[in-house]
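Hi everyone, thanks for coming. I'd like to walk you through one model today, so please bring it up on your screens and turn it along with me.

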Amino acid sequence: MKKIIVLVCVFILLGLASWGGTCYVQRLKINAQEKHALTVMQTKFKNFVTDWKVDKVPSLYIENAEITNIAKLLKRIQEVVGVCELKKVSYCESQEKYKNIQEDKYKSANGYSVRCPFILSCTKKQIVSGEAVFYPDNTLTKFVSFVLSYEK
C-alpha cells in the first residue's frame, strides 16, 4: 500500500513538473515574440516613418504585399500627416494574454499576434497615435499592419 501511495505521489509530481515546464517554455516564447516586435518598432519602423518610402516595406517582413497599393497608401499618409518621428513605443504585448477577453483575428498555428501601440510626432499633425500588429512566426514576429489615428 505504501508503494502505491509513493508511486501516485511521484506521478503527480512528474505531471506538475511537466505542466510547469510547458508553461515556462510558452512564457519564454511569448516574451521572445514581444521583444522582437519591440526591436523592429525601435529600429525598422522608426526609420520607416521618417519618409514613408515604399522601398522600406520589405524590411518590415510584410509577405505577399501589393507594393503598388501600399505605395499609394503611403503617399496619402505622407500628404495627411507628413514625415514623422517615432516618439514612444512603450510596450508590445502578445494577444495570448487577452485570449479569453477578445478574439485575435491574426491567431494561427504559430500563436497569437503581438500588438505595439506607438506615438508619432509629425510635421502636419502634432500627435499621431497608432498600433502596429505583428504576426507570430515561432519565437519571432512578422510585421502585418499598422493603424494611425489623429485629431482632425
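Let's begin with V8, which you'll find in helix α1. Keep in mind as we go that this is a predicted model. Is V8 buried, exposed or partly exposed? With a relative accessibility of 43%, V8 counts as partly exposed. V8 also belongs to a nonpolar surface patch of about 660 Å², and its partners there are I4, I12, L13, L16 and W19.

While we're talking about accessibility, have a look at two cysteines, C9 and C23. C9 has a relative accessible area of 40%, which makes it partly exposed. C23 is partly exposed too, with a value of 28%.

Now for the disulfides. How many does the structure hold? There are two. One of them joins C84 to C122, with an S to S distance of 2.0 Å. The link of C84 and C122 is right-handed, with 100° about the S-S bond. It connects distant parts of the chain: C84 sits in strand β1, residues 84–88, while C122 is in strand β3, residues 114–122, and the two cysteines are 38 residues apart. On the accessibility side, C84 comes out at 6% and counts as buried. C122 counts as buried as well, at 5%.

Please move on to C92 and C116, which are also joined by a disulfide, again with S to S at 2.0 Å. Which hand does this one have? The torsion about the S-S bond of C92 and C116 is about 120°, so this disulfide is right-handed. C92 lies in the loop between β1 and β2 (93–94), and C116 lies in strand β3, so the bond ties together parts that are 24 residues apart in sequence. C92 and C116 are both buried. If you count the bonded cysteines along the chain, the pattern of the disulfides is 1-4, 2-3.

Next, the aromatics, and a quick reminder before the numbers. A pair of aromatic rings is described by how far apart the centres are and by the angle of the planes. In this structure we have nine aromatic pairs. Take F48 and W52: the ring centres are 5.4 Å apart and the planes meet at 80°, so this pair is edge-to-face. Both F48 and W52 are buried.

How are the rings of F143 and F146 arranged? Their centres are 6.2 Å apart and their planes are at 35°, so we call the pair tilted. F143 is buried, with a relative accessible area of 2%. If you'd like to see these rings in context, select F45, F48, W52, F118, F134, F143 and F146, which form one aromatic cluster.

I'd like to finish by going back to W52, and to its backbone this time. Where does W52 lie? Its place is in the loop between α1 (2–48) and α2 (67–81). W52 has a positive phi of about 55°, although it is not a glycine. Remember that most residues other than glycine have a negative phi. And to put a number on the side of burial, W52 has a relative accessible area of 3%.

So, if you take one residue back to your desk, I'd suggest W52: it is part of the aromatic cluster, and its phi is positive. Thanks for listening, and I'm happy to turn the model again for anyone who wants another look.

Notes:
Residues numbered from 1 in each chain as written. Predicted model: local features only at pLDDT ≥ 70, side-chain atom pairs only at ≥ 80, totals over all residues. Heavy atoms only, no water. Phe/Tyr/Trp six-rings, centres within 6.5 Å; stacked < 30°, edge-to-face > 60°. Buried < 20%, exposed > 50% of the residue type's maximum accessible area, 1.4 Å probe, protein only. Disulfide = S-S within 2.5 Å. Helix = DSSP H or I, 4+ residues; strand = E, 2+ residues; numbered from the N terminus. Patch = residues over 30% accessible without salt bridge, like charges linked within 9 Å, V, L, I, M, F, W, Y side chains within 5 Å. Areas by Shrake-Rupley, 256 points an atom, 1.4 Å probe, with all protein chains shown as cover. Salt bridge = Lys/Arg side-chain N within 4 Å of Asp/Glu carboxyl O.
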